[in-house]
Amino acid sequence: MRLMPLVALASLVVSTTLVAATPARYIVHFADAASAHAAGGQSRHARMARADMPRHVRSLAAGGEVFQLASGNEARFAAFPGVISVEEDRLLVPTAIVDSLWKRQWYMHDPKVGVDAEVAWKYTRGAGAVVAVLDTGITPHPEFDGQLLPGYDFISDAAAARDGDGRDADPTDMGNWSDPGDCLSPQGKPSTWHGTHMAGLVVARAGNPPGIVGLAPEAKLVPVRVLGRCGGRTSDIADAIVWASGGDVPGVPRIERRVDVINLSMGATGACGQALRQAIEQARSRGTVVVTSAGNDRKNVNTNTPANCPGVVSVAALGRDGGMAPYSNFGQQITLSAPGGNLGERGFDDILSTWNTGKRGQERSVFGYRGGTSVASPQVAALVALMRSADPDIGVDEVASQLVDNARPLPGRCPKGCGAGLMDAGATVDAVVEDRGRRP
Ligand SMILES: [Ca+2]
Ligand SMILES: [Ca+2]
Ligand SMILES: [Ca+2]
């Protein structure tokens, strides 16, 4: 993983670009003021006889005369004496403020292995849709300013939560570092800021601040904290799924509106238990799509839960070459795949998103690369947000079938099963918009 401190980012660049406009106006340059004057008079006289002659508009301060003329009649200027040159009075538009790390977000725009974000953005950037990320919580980051809705902290064990109490309304990520001997592991590990990385992939702001942009930058994100020290309990995760999808959880105020999609970039070995099964089925019945990572165990996905739960959209990871990433789970229960990176061989082949420098507690907000099926899943969740923004009435099963029907054939190899192929945001949103138009 590589860190890119915020301070190293180049300043905001706003430049202008020349673009060709409908050439209805021209700037004509004359050899001398007398010729210019004569041309102005000539055009007035000529127009009394013929409406398609140039009309003088004004003189420019630095030289040149502006004329209006029907497009394609430029030859009319030849009748003027002393003309040196004629140029279109072209329209200039501000260049979009580009996120300075956009080029490094290959997973969004690479023609072969990217998800085709820009085609989807012709229709929508996610306005009106809401995504819940159930994860380690959230850290403050300039890319999240104005992007978050109130979340909740479902970790009921204060020791795992590290915030001094059980469930509460503050989903701030307190860090999930472990000391040697913790979590049945001899080695200690630094905090992962996993939820922060997931959130950026969905809703990092377009343009300002000029870092990255999420796939659904006009959607809103509900940060829900369920993973703490050594992970998260099924019981807390099941309650959080019910809550985010608009259901009642005793002792927790109901969410203002059910989210369109829940992202679960998490897993454990084993069958799908009844608690998660019921929570997911309830969420689906209320109209919330559940997207999960397939897991990074190089195994059949049917060994990993919740990716093996009925009704979920389960997402395998592709490497930089567009084939199945070597760490990814696979198999018949994969719905589709998304870019997940190569896991660290070369940092920039992984997935860039929002991050924090703290080894234990939070420190500075930065950007960092991570790989895994974890980072593949929220890209699909963000696409679901775009779909719901394009068509708020699209149902849970229709979302899944559109994702599948519009996935691209894999650019690389996946003999063991990567579902329908590579998620294609452009083709999928295009299809949703078309179908919406057909609905009576
Ligand atoms: Ca707490
Ligand atoms: Ca808390
Ligand atoms: Ca940004």
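**Calcium site and disulfides**

The calcium ion (ligand 1) is held by the protein donors Asp163 (OD), Asp163 (OD), Asp165 (O), Asp165 (OD), Gly166 (O) and Asp168 (OD), at 2.2 to 2.9 Å. These positions come from a predicted model. Along the sequence, the donor residues follow the spacing D-x1-D-G-x1-D. The angles among the 6 donor atoms run from 53 to 168 degrees, and the site is irregular. The calcium ion (ligand 2) lies 3.6 Å from the calcium ion (ligand 1), and Asp163 coordinates both. Among the donor residues, Gly166 is partly exposed at 21% relative accessible area, whereas Asp168, at 13%, is buried.

The whole structure contains 3 disulfides, with the pattern 1-2, 3-4, 5-6 when bonded cysteines are counted along the chain. One of them joins Cys183 to Cys230, with an S to S distance of 2.0 Å. Its two cysteines are 47 residues apart: Cys183 is in the loop between helix H4 (158-161) and helix H5 (194-203), and Cys230 is in the loop between strand E10 (220-225) and helix H6 (234-244). This link is left-handed, with -80 degrees about the S-S bond. Cys183 is partly exposed at 32% relative accessibility, and Cys230 is partly exposed at 44%.

Cys272 and Cys309 are also joined, with sulfur atoms 2.0 Å apart. Their link is right-handed, at 100 degrees about the S-S bond. Cys272 is buried at 9% relative accessible area, as is Cys309 at 4%.

The sulfur atoms of Cys414 and Cys418 are 2.1 Å apart in a further disulfide. The torsion about this S-S bond is about 85 degrees, so the disulfide is right-handed. Cys414 is buried at 16%, and Cys418 is buried at 3%.

Methods. Residues numbered from 1 in each chain as written. Chains lettered and ligands numbered in written order. Predicted model: local features only at pLDDT ≥ 70, side-chain atom pairs only at ≥ 80, totals over all residues. Heavy atoms only, no water. Donors = N, O, S within 2.8 Å, 3.2 Å for Na, K, Ca; no water. Tetrahedral: all angles 85-135°; square planar, octahedral: opposite > 155°, others 65-115°. Buried < 20%, exposed > 50% of the residue type's maximum accessible area, 1.4 Å probe, protein only. Disulfide = S-S within 2.5 Å. Helix = DSSP H or I, 4+ residues; strand = E, 2+ residues; numbered from the N terminus.
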